[in-house]
Amino acid sequence: VAFAGCLVVSRASRNSTGPIGVFDSGVGGLTVLRALRSALPSEEFIYLGDTARLPYGTKSAQSVVRYSLQCAEALIARGIRCLVVACNTASASALDALCSRYRDIPIIGVIEPGAAAAVSASHSKHIAVIGTEGTIGGGAYQTAIRRLNPDVRVTARACSLFVAMAEEGWVEGPIAEAVARRYLEPIFSAADGDGVPDTLVLGCTHFPALIAPIRAVLPERVHIVDSAASVAAAVSSELAVPGHRRGRGEVRWLATDGAARFARVSGTFLGEALRADQIEIIDL
Ligand code: DGL
């Protein structure tokens, strides 16, 4: 990945201790945290889910910038050495603001890695992107993909209901499939398969939870891109600081509302169960 966010800090001047901070509007960013933990098993993390203000995807860009700066502030105050914006909506609207406010830590978003993975996966050079209203409406993926290859055609669609379904744990079965069909069929329905995209980017960190119904309604040959693994690779290469004191792979869990709900829903995204008493509720 050539560029994953803003990495304005010189390697020499970087703080090489402290956890990696990760934030999302809710539990969606746990799909990114999961990939980060598997790529960097001995790093320590602080995860913040801004559950009090979820969803970000239907809010204005100004609100998302304000919320994102507050999330970053809370994590930086807790001593992080790198910030991962594990939310496409926040990456789309707030990455520039975050980078100009916080110049002394690397900040990595999810859009550029997802766009790069999609461009290298697509042979037909027609890519579909699904995300929240904010991500799709702001054109962040369209811009990032065309910056990498101006010949690629992008078909983008907001799938706002997917966020609520993922947060509700409705990630499989007939309702999930019916919603997935309603959103995706118009994009992939050409009878002969001609002119339809060969790659689908899950441009929202909540969407990997819905991989089963999404897969079920897509033509088999469509390649699905989830940027989590590409983000983890970008973070590992940025943080390869010789002599870094390794931690024990622990995560500190923060949310802005609803510890019990966060714990209940997190299993789907994280692959492990959390208890409500592990989650600290903070005010931003
Ligand atoms: N998970 C977030 C994203 O990647 C957004 C979900 C939301 O808060 O709308 O876009």
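The paragraphs below go through a strand, a cavity and a loop residue in a predicted model.

Strand β6 covers residues 126-131, and 6 of its 6 residues are buried, so the strand is largely enclosed by the rest of the structure. In a regular strand, side chains alternate between the two faces of the sheet. In β6, His126, Ala128 and Ile130 point one way, while Ile127, Val129 and Gly131 point the other way. Residues of both sets are buried.

The neighbours of β6 in the sheet come next. Strand β7, residues 153-158, pairs with β6 in the parallel sense over 6 bridges. Strand β8, residues 199-203, also runs parallel to β6 and is joined to it by 5 bridges. Val129 can be followed into both of these strands: its bridge partner in β7 is Ala156, and in β8 it stands opposite Val201.

A search of the whole structure for cavities of 30 Å³ or more finds 1. The largest cavity has a volume of about 60 Å³. It is lined by 13 residues, of which Ser25, Thr89, Thr132, Cys204 and His206 are the closest to its centre. By residue class, the lining of the largest cavity divides into 7 polar, 5 nonpolar and 1 charged.

Pro219 lies in the loop between α9 (211-217) and β9 (223-226). Is this residue buried, partly exposed or exposed? Its relative accessibility is 25%, and buried would require under 20% and exposed over 50%, so Pro219 counts as partly exposed. Between Pro219 and Ile46 there are 38 Å in space, C-alpha to C-alpha, and the two are 173 residues apart in sequence.

Notes
Residues are numbered from 1 along each chain as its sequence is written. This is a predicted model: local features need pLDDT of at least 70, side-chain atom pairs count only at pLDDT 80 or more; totals for chains, interfaces and linings use all residues. Side-chain values use heavy atoms; hydrogens and water are left out. Buried means under 20% relative accessible area, exposed over 50%, partly exposed in between (1.4 Å probe, protein chains only). Helices (H or I, at least four residues) and strands (E, at least two) are DSSP runs, numbered from the N terminus. Two strands pair if DSSP finds at least two bridges between them. On a 1 Å grid over the protein atoms alone, a cavity is a set of points where a 1.4 Å probe fits but cannot get out, and a pocket is an open set with protein on both sides within 12 Å along at least five of seven lines; lining residues have an atom within 4 Å of a point. Grid points are joined across faces, edges and corners, and a volume is the space filled by probe spheres set on the points. Ala, Val, Leu, Ile, Met, Phe, Trp, Tyr, Cys and Pro count as nonpolar, Asp, Glu, Lys and Arg as charged, and the others, Gly among them, as polar.
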